[in-house]
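Please open the model in your viewer and keep the selection panel at hand. The tour below goes from stop to stop, saying at each one what to select and what is found there.

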Amino acid sequence: MTHADWIDAHASGHLSVAGQSIPIVTANTVVVGTGAAGYCAADRLVMLGQRDVVMVTDKRRAGASRNAGSDKQTYYKLTLAGSEPDSVQEMAQTLFLGGSMDGDIALAEAAWSPRAFFHLVESGVPFPHNASGEYVGYKTDHDPRQRATSVGPYTSRTMVEKLEARVREGHGVEVLDLCRVVDLVVSDGAVVGLLCVRLDVGADHPSRFLLLRCTNLVYATGGPAGMYADSVYPNGQWGANGAALRAGVHGKNLTEWQFGLASVHPRWNVSGTYMQALPRFVSTDADGGDAREFLGEFLPDYGDQLTRIFLKGYQWPFDVRKAPEGSSLIDLLVYQETKLRGRRVWLDFRSNPARESFDASKLSAEAYAYLEATGVTELRDSTPIQRLQHMNRPAYEFYLQRNPGVDLETDMLEVAVCAQHNNGGLEVNQWWQSNLAGFFPVGEAAGAHGVYRPGGAALNSGQVGATRAASYIAQARRQDPVNEGTFAAAASPVAERAASLLKDASARAASGPDSTDELLTHVRRLMSDKAGVVRSRESVAEAREEITRLLGEYDATIAADPESRRSVSRLFLIRDILTSQYVYLNAMEHYVNSGGLSRGSVLYTDPEGHLPTVDPRVTASLPEVFRLRLDGGALDDVIQVTAWDGTQPPTFTWRPRRPLPTHDEAFETTWRGYRADHNIG
């Protein structure tokens, strides 16, 4: 049965709007998104007895969970091996110390990390254990222990595949593909449904839209990946935060992103072994000519340059605290070549950096000890590609297998500083419910993280958040959706607006070509150039003014061909991206106007600040846009909350972050509360 047939067979009614007869599908819970968090939520709901579940997605095989990774993609969890002490409170404290993170969320992510981890193990994700059954770990960035684990480059893809099999084959949950989010349907402060545009039908169909009437909406749409041009998010991953923000869902820490070095074609994080193999950094002109190494311009000391490249491996995300004297200066030098000098940057694994031969003795003691333990120092006259293949051959083979393929033995790999993860997002409580009743953002859509987070914490957060949302729904929100009349009253204006936009855009299509690609390219490039890893008060204001103008007139500037699925899809996609950019840019402007300084993975240019330290023998100077003052944790105890009604500019408040809970109660007290309501209060 096709999705169209399934919708026709299961529609509980239709809503007639502007010549559209929109089918309505009714379920207790609708899960949006088919990544690791979305499938986990659906699986958990059925396990907990709530079988009235439908999933929708714009493209089932797209998304970051299924298509993103790194040399050794990390999953972060409580320590489950060895003699090193660890505890739920200690892991929660690690997460909480990231700054601007709510303590109840940190404790929940720590407390339920074993539950989430072993659910994946029992689902078939092959996390490695030793002969005695200990799930051994390693240390990742911002991690004081060795809590990290991995199944290789595709940890999250494996999670998706195993959870998908449980949901679709084991539970028989319907997954409606090619349904892109348009708007939430809201009534009396609660979500009551969702409007999607259907990409599986043409203009001759009775309706290009689908309405879902529900009690609960689990929003696993990923981060707002479409906002930036320089991005490591997979092609086809866009996000849908704009629809939630338009509906009045609050934003949290929207300014906080994670940026890092990534290859451009294909998109992939060049963390871990890619850096620890110590490749050359080469700059060329736009046509690939005039090749030269460039790190030595500011890092002339051979040992210092090697050590900083090595440290990029497990200090991979750009960290402004490590820009003055640490490994993140490399990110800024790459940014200078690409953004300020208009050149291209490549990793060259064919030849050694700075010198023809490799001298490991010039590395720092930490770096040398690591390479010695892996046997690299025993390789005679080694090159970066030899070191990479020795330490992690699958990391080399990965690029051979991609489209486009890159053979690192013969070709250089183009890289840039790219947006990788939104640490902020939609505000949630400790059960991952937003300020809008029944609306549960999970995964990267949820603003669950602080300014900093340990590598791999996002995968744990997605699984814990999905599990807690499902637990809350199964215990407290099993009621039927609102009645048909209430739903129709709430859904009609939403559907009328969408139908009007589609009709107007279709009418304009005859007068000119589809301009959606051009506009999409422009707004994404604007964000990367003005509000990316390096920002200033002025650049953010310029971007905000441009996006405000485009959002205000977007329905008059986007042409869509009614016969083209892609164009109809892009009509609402760009609307969502523009909405996200508008609200996020306003949040950035509020942050810097509130005295916010450089922190996390962002450098805010500050004329009163200092330039990162370089070798005193260097006569060249770093550009003034790198002048900064560090935040120093000044805003760690508060959280920026964004509210928007869809008409007036967003409003912002700084609220104290919720503290780490302490539960020093007797077992019997906890047991009594659990028997009463599973402690979901």
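What follows is a walk through this predicted model, beginning with the whole chain and ending with two details of the backbone.

**The whole chain**

Begin with everything shown as a cartoon, in which 20 helices and 22 strands can be traced. The radius of gyration is 25 Å, close to the 26 Å that the globule rule gives for 681 residues, so the protein is as compact as a globular protein of that length. If you align the view with the principal axes, the C-alpha atoms fill a box of roughly 75 × 70 × 50 Å.

**A pair of packed helices**

Next, select residues 113-123, which form helix α6, together with residues 457-476, which form helix α14; the two pack at an angle of about 100 degrees, and their axes lie 9 Å apart. With that angle, α6 is roughly perpendicular to α14. To see the contact itself, show the side chains of Ser113, Arg115, Ala116 and Leu120 on α6, which meet Asn460, Gln463, Val464, Thr467 and Ser471 on α14. Coloured by class, this contact of α6 with α14 consists of three nonpolar, five polar and one charged residues.

**The second largest pocket**

Keep α14 on display, since it is among the elements that give two or more residues to the lining of the second largest pocket, the others being α4 (88-96), α5 (103-111) and α20 (667-677). To centre the view on this pocket, select Trp112, Trp431, Arg468, His678 and Asn679, which lie nearest its centre among the 25 residues of the lining. The volume of the pocket is about 740 Å³, and its lining divides into eleven nonpolar, ten polar and four charged residues.

**Two cavities**

Turn now to the enclosed spaces, where the count comes to two cavities of 30 Å³ or more. For the largest cavity, with a volume of about 60 Å³, select Tyr228, Asp230, Phe259, Tyr335, Lys339, Val417, Cys418, Ala419, Ser528, Gly532 and Val533, which line it. Which elements each supply at least two residues of this lining? They are α11 (329-340) and β16 (413-422), and β16 gives the most, with three residues. By class, the lining of the largest cavity has seven nonpolar, two polar and two charged residues.

The second largest cavity holds about 40 Å³ of space, and the selection that shows its lining is Pro224, Gly226, Met227, Trp238, Gly239, Ala240, Asn241, Asp576, Ile577 and Ser580. Helix α19 (residues 565-593) provides the largest share of this lining, namely three residues. The classes in the lining of the second largest cavity are five nonpolar, four polar and one charged.

**Two details of the backbone**

For the last two stops, switch to a stick view of the backbone. Select His265 and Pro266 and look at the peptide bond that runs from the one to the other, which is cis, with omega near 0 degrees; Pro266 is found in the loop between β11 (257-263) and β12 (268-269). Then move to Ser100, which lies in the loop between α4 and α5, the two helices already met at the lining of the second largest pocket. Ser100 has a positive phi of about 60 degrees, although it is not a glycine.

Conventions
Residues are numbered from 1 along each chain as its sequence is written. This is a predicted model: local features need pLDDT of at least 70, side-chain atom pairs count only at pLDDT 80 or more; totals for chains, interfaces and linings use all residues. Side-chain values use heavy atoms; hydrogens and water are left out. Axes are lines fitted to C-alpha atoms, for helices over the stretch in contact, and angles run from 0 to 180 degrees between N-to-C directions. Helices (H or I, at least four residues) and strands (E, at least two) are DSSP runs, numbered from the N terminus. Angles under 35 degrees count as roughly parallel, over 145 as roughly antiparallel, 65 to 115 as roughly perpendicular and the rest as oblique. Contact means heavy atoms within 4.5 Å. Ala, Val, Leu, Ile, Met, Phe, Trp, Tyr, Cys and Pro count as nonpolar, Asp, Glu, Lys and Arg as charged, and the others, Gly among them, as polar. On a 1 Å grid over the protein atoms alone, a cavity is a set of points where a 1.4 Å probe fits but cannot get out, and a pocket is an open set with protein on both sides within 12 Å along at least five of seven lines; lining residues have an atom within 4 Å of a point. Grid points are joined across faces, edges and corners, and a volume is the space filled by probe spheres set on the points. The radius of gyration is taken over C-alpha atoms; the globule rule is 2.2 Å times the number of residues to the power 0.38.
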